[in-house]
Amino acid sequence: MNSETKKALFKGRDWITTQEWTEAELDILLDVAADLKRKFKGRVPHRYLADQTIFLMFFDKSTRTRNSFEAGMTQLGGHAHFLTADVMQVSHGESPKDTGIILSSYGHAIAIRHDLVPGEGNAYMREVAKWADAPVINMQCDVDHPCQTLADLMTIREQRGRNLRGLKIAVSWAYAPSYAKPLSVPQGLIMLMPRFGMDVVLAHPPEYNLMPETMQAAEENARRGGGQFRVVDNMDEAFRDADVVIPKSWGCLDTMGSNPAESLRIAKQYTNWICNRERMQLAKPDVLYMHPLPADRGNEVTDEVIDGPNSVVYQEAENRLHTAKAIMALTMADLEIEYALQSEPRP
Ligand code: CP
């Protein structure tokens with residue numbers, strides 16, 4: 001490891017995927033999130049973004065993401081504008097270029113959720129970022145949900161310490177009838193966790209493949225980060241001896257955008273892909289049950305598990321606030337932090 005230190009000045013940086021941030025930079029984000037968590041709980045003011053504005057553009061619904069960004073921005077001393085794409089001129093075809101230039105001339109950052117159509121969301125936010133004179137933050141796209149996976153990493157570290165090398169994490173598809181959920185959470189997890197030395201096992205039925213580029217990134221990250229990455233078609237196998245399980249539903253890559261009902265129709269063959277007590281007993285006794293939420297109770301997971309002693313879902317959801325604030329503070333404020341330079345950003 002290169003022990004050279006340099007000033008980390010992240011003001012103006014986009015937060016679009018975790019791939020574009022080094023492990024050292026992600027460590028800083030997590031350290032800042034932990035500091036902001038302590039300050040929030042201790043009622044210590046932390047108005048790093050006084051009088052600043054962030055625009056939150058949603059092409060999809062949200063509870064945690066919207067409210068963690070809105071509440072977080074208020075706590076940082078600024079204001080968040082909640083915008084839904086259906087009432088913006090984007091619904092009449094206004095370009096991402098014009099939207100990015102104009103919103104960034106009114107404020108200090110643009111955050112976007114555009115997650116339901118493979119091939120669209122990430123490209124849209126990169127186009128906004130190309131033209132915006134302010135950082136662009138990915139609140140979930142078709143490729144990654146970096147705000148969620150950062151909160152997941154924070155939660156695992158709080159539970160298991162900083163050294164996660166060799167921890168087995170099962171990222172599994174699970175049955176849900178509510179809606180065809182985006183692929184970005186499992187994709188984000190398989191890309192991020194091997195970089196911190198974790199052994200990732202991905203499990204899904206054959207129709208629920210993830211994007212090939214995220215699978216390649218996961219393999220490459222495991223090779224470089226010292227973790228492992230393998231794929232199975234069996235939930236039990238993924239759960240066996242796991243330290244962390246994250247079972248959740250997602251849609252079919254091929255039809256997600258054009259016919260999401262098809263994902264739900266196919267899913268009906270796999271209603272036995274549920275996280276229940278029997279499956280949890282295959283894992284280590286102190287296994288962490290995690291889910292980004294919203295969970296389809298009774299389908300993805302039984303109440304007994306999600307409300308049980310191994311579940312950390314509320315801690316995980318709370319950490320969305322602290323990590324969202326760290327992302328905003330570091331990309332929008334003049335915070336300089338010295339850190340050990342460990343590696344270069346991923347291509
Ligand atoms: N986990 C997550 O992103 O939750 P919301 O969809 O409620 O924002």
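The centres of domain 1 and domain 2, taken over C-alpha atoms, sit 24 Å apart in this predicted model. Domain 1 is made of two stretches, 4-144 + 320-341, while domain 2 runs over 146-316, according to the domain assignment of the chain.

How many residues of each domain are in contact with the other? On the domain 1 side there are 35, and on the domain 2 side 32. Interface size is often quoted as the accessible area that the parts lose when they come together. Here about 2,700 Å² is buried between domain 1 and domain 2, with carbon and sulfur atoms giving 60% of that area. Within domain 1, the residues losing the most area to domain 2 are Gln19, Leu30 and Arg320, which together account for 22% of what that side buries.

Now for the ligand. Its surroundings consist of Ser62, Thr63, Arg64, Thr65, Arg113, His145, Gln148, Pro292, Leu293 and Arg320. Both domain 1 (4-144 + 320-341) and domain 2 (146-316) give residues to this shell, so the ligand lies between them. Sorted by character, the shell has 5 polar, 3 charged and 2 nonpolar residues. Arg320 turns up twice in this story: it belongs to the ligand's shell, and it is also among the domain 1 residues losing the most area to domain 2.

Some polar contacts to the ligand are listed here:

| Residue | Protein atom | Ligand atom | Distance |
|---|---|---|---|
| Arg113 | polar side-chain atom | oxygen | 2.9 Å |
| His145 | polar side-chain atom | oxygen | 2.9 Å |
| Leu293 | polar backbone atom | nitrogen | 2.9 Å |

On its own, the ligand has 260 Å² of accessible area, and the protein covers 93% of it.

What about confidence? The chain has a mean pLDDT of 94, and 95% of its residues reach 70 or more. Residues 341-347 are another matter: pLDDT stays under 50 there, although the model has 20 contacts beyond four places in sequence for this stretch. Predicted coordinates should not be read in detail where pLDDT is low.

Conventions: Residues numbered from 1 in each chain as written. Predicted model: local features only at pLDDT ≥ 70, side-chain atom pairs only at ≥ 80, totals over all residues. Heavy atoms only, no water. Near = heavy atom within 4 Å. Polar contact = N/O pair within 3.5 Å; in protein donor to acceptor, adjacent residues only side chain to side chain. Areas by Shrake-Rupley, 256 points an atom, 1.4 Å probe, with all protein chains shown as cover. Nonpolar A, V, L, I, M, F, W, Y, C, P; charged D, E, K, R; others polar. Domains from an automatic or database assignment. pLDDT = per-residue confidence, 0-100. Contact = heavy atoms within 4.5 Å. Buried area = accessible area lost by both parts, 1.4 Å probe.
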